[in-house]
Structures are given as C-alpha cells and as structure tokens.
Amino acid sequence: MTHEFKQIIEEAIKAKKNGLKSVLASVVDLDGSSYRRPGVRMLILEDDTMIGAVSGGCVEKEVLLQAQSVFKTGQSKIMTYDGRYRLGCEGVLYILLEEIQTDTRFEQAFFRCLNDRKTFEVISRYKKEAGVFEGIGSDVKVEKDYFPLSFKSETHSEGLVFCMEMPPCFKLMIIGAEHDAVQLCQYASITGWEVTIIAGVSEAKTIENFPGANALITTTPENLDVNNIDNQTAVVLMTHNFAYDLRYLVALKETAPNYIGLLGPTKRREDLLSQFIEYCPEVSDAFLETIHGPAGLNIGSETPQEIAISIVSEILAVTRKRNPISLSKTTGSIHSKH
C-alpha cells in the first residue's frame, strides 16, 4: 500500500499549494469482512475531488459527506459504515477522518525515506465508535522521528492504536526494450509498481516509448547499477538474446531481489542456468530460488498483453507467498491475517 500512501501525500501537498484543504480517510478497524482491509486510505479535497478508495465504491459517497465537518472545524473524527445491509460484506468499517497538515520538515524526510528505499510506519490513534474525540489522528514515523499528519491534542487516554509498517514501494526492473516490455511496463504501472526499463546501448528508445515507466536506463550488463535492488524488487529478463540474458544474470548474482523472471521455454531456462552456474559456481541457493522460468502463471496466455498479466500475477503470488488457485475454490478469509 506504500504507493497509494505516496500518492495521497503528493496530492495533499499539491492541494495545499493550490489553496485547498485535504482530509485523509483511513480504515483503522473492521468488524466482520469487507472489500479491503484496515490500512487502506483515500484523500478528499475541499473541492470534492477524491483520490483513491476505501472500498468498492459504495462507502466513498458517505466518506465525502462525513468529511465536510472536518473541513469546517479541523477536528478529526471517527465514522462508521455498516456494510451488512448495503455492501453484502457483513462488516462494519471504522474510518478515521483527519485534515492533513504537513510541513516542509515532514515532506523532506518522507521523500528522502522513499528515495532511500527505507521502511516507515503510519500510526493512527482512534476510538471504536463514531464521533469527534480528543487525541485521535495519525503520525508518520520516519526512522526515529514522528511527524503528525493532522493537529491533535496530546490526550491519548483509552484510545486504540493501529500501526502499519510501510516497506519501500515495490519496483519492477524490466531488462529489455521490445514490444512485450512495453506491455509489461503498462500493466505493472497500473498495479502501482515503480518501473525501470533497462535498454541496450544500441537501442534507440526513450522513456516516452514506455507509458508508466519511472526511468529508462541505457547500459551494458557489466555496467548495470544493482545497488538499489532489494527484496521489494522484481526483475524480468526479456532481451530476447540468450547471451545478453546470461550476462545480465551474472551482473545480478550478488543481489537479493524478490523475483527474477526468465522468458522463453523450459529448455532455454535450463541452458541459461547451466551456463550461469558454470560462470558463477559459488552462487547462493537463495539467489537461484528467486529465478522463475518460464516467467508467469499458466493461465493460457497468448498475446503480449496476456503474458504481461501472467507475469504480474506470478510476481504478486511470489511476493504475497500464495499458491494461486481460483478464489471460488477457497474457504474462509480471502485476505491473509498478517
């Protein structure tokens, strides 16, 4: 959810520059089941613009209505939404509404934290009942510093606390710049991931060729900067050149990404890994276990767009530690408990 929170802060800062107030709505508790879990957030601007959503669309109109009193008074409040009769989800949402009041010190620390790919926390104090209460509101903890998102008193008696750890934004590195890389870039961007395209030095490509990309880097495998590859990073090798894929795999050998995907049939993967291990006999088992080839879930994909969907789906499954099956075949909660 980090990318959603990042967008909310960016939009709140933009609204402030345009002279508009903004209210943050955060689902902080839940009785029963709902479309999304506690921790989901949306932003409401003073001109009734809404960024994001806290449910499937039914709750948002009520959030907009309830936010009006926060715009007028600046006082944070808790609203409840009973979806048992309106959503069919058999759940009651507890939503914290607070006017965002960021300052330069927070903004600098927050975006520095994102750029450095460090984890931060969002800590919300609330009560499990509707109304305006002293001391409710959210702080963002960046390293050892706490930054209040809204004005609130120091009274915290009898309150509840919802704390959410926010890892770095998930990042996809696409090594290759052919047509299928464009499709994968677009679907990954829609998912909310930061996307970096790695193109060869002889390829006449610009970032404009890749809608949704955050960066395009022209380099050789030997000069690839791997310093920002972490466990919130997925890599897909799709140069369509065996030798280049091998050289890039060698360049990645000391990194610890969440996922590495290889295009092509099983035989190509076996040949690639066989030669890779010859070049790098000391490579760790942990690194080899991150390699998935052929990349993607077996969902009958044929077109580049469908293949992109299957790859994004596999990355999600690996990241969330799920064994993909049809939800209609599951029992119990859709969402994991952690």
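These points cover the nonpolar cores, the aromatic pairs and the two sheets of a predicted model.

1. The largest nonpolar core holds 34 residues, and the members with the most contacts inside it are Phe 5, Phe 120 and Val 140. Eight elements supply at least two residues each: helices H1 (2-17) and H3 (104-115), together with strands S1 (22-32), S2 (41-45), S5 (91-99), S6 (120-126), S8 (137-142) and S10 (160-166). The greatest share comes from H1, which gives 6 residues. A second core, separate from this one, has 25 residues, among them Ile 197, Phe 210, Ala 234 and Ala 295. As background, nonpolar side chains in soluble globular proteins tend to be buried together.

2. Val 140 deserves its own entry. When neighbours within four places in sequence are left aside, Val 140 is in contact with Phe 5, Phe 106, Phe 120, Glu 121, Val 122, Asp 145, Tyr 146, Phe 147 and Leu 149. Two of these partners, Phe 5 and Phe 120, are named with Val 140 as having the most contacts inside the largest core.

3. The aromatic pairs number 8 in the model. In one of them, Phe 5 and Phe 120, the ring centres lie 5.9 Å apart and the planes stand at 35 degrees, so the pair is classed as tilted; stacked would require planes under 30 degrees apart, and edge-to-face over 60. This pair joins distant parts of the chain, with Phe 5 in helix H1 and Phe 120 in strand S6, 115 residues apart. Phe 5 and Phe 120 are both buried.

4. A second example is Phe 106 with Phe 110. Their ring centres are 5.4 Å apart and their planes make 25 degrees, so this pair counts as stacked. Here both residues belong to helix H3, with a separation of 4 residues, about one turn of the helix. Phe 106 and Phe 110 are buried as well. Both pairs fall within one aromatic cluster, made up of Phe 5, Phe 106, Phe 110, Phe 111, Phe 120 and Phe 147.

5. One open sheet consists of 6 strands in the order S3-S2-S1-S5-S4-S7, with antiparallel pairing. At its edges are S3 (50-52) and S7 (131-132), each of which pairs on one side only. Between S1 and S2 the antiparallel pairing runs over 5 bridges, and Leu 24 has Leu 43 in S2 as its bridge partner. Helix H1 packs on this sheet and touches S1, S2 and S3; the direction of H1 makes about 15 degrees with that of S2.

6. Another open sheet has 4 strands, ordered S9-S8-S6-S10 and paired in the antiparallel sense. Its edge strands, S9 (145-148) and S10, each pair on one side only. With direction ignored, neighbouring strands of this sheet are turned by 25 degrees against each other on average. S6 and S10 are paired antiparallel over 7 bridges; Arg 125 stands opposite Val 161 in S10.

7. Two helices pack on the 4-stranded sheet. H1 touches S6, S8 and S10, and its direction makes about 75 degrees with that of S6. H3 touches S6, S8 and S9, and the direction of H3 makes about 120 degrees with that of S9. H1 therefore packs on both sheets described here.

Terms used:
Residues numbered from 1 in each chain as written. Predicted model: local features only at pLDDT ≥ 70, side-chain atom pairs only at ≥ 80, totals over all residues. Heavy atoms only, no water. Core = buried A, V, L, I, M, F, W, Y, C linked by side-chain atoms within 4.5 Å. Buried < 20%, exposed > 50% of the residue type's maximum accessible area, 1.4 Å probe, protein only. Contact = heavy atoms within 4.5 Å. Phe/Tyr/Trp six-rings, centres within 6.5 Å; stacked < 30°, edge-to-face > 60°. Pairing = 2+ DSSP bridges. Axes fitted to C-alpha atoms, helices over the stretch in contact; angles between N-to-C directions.
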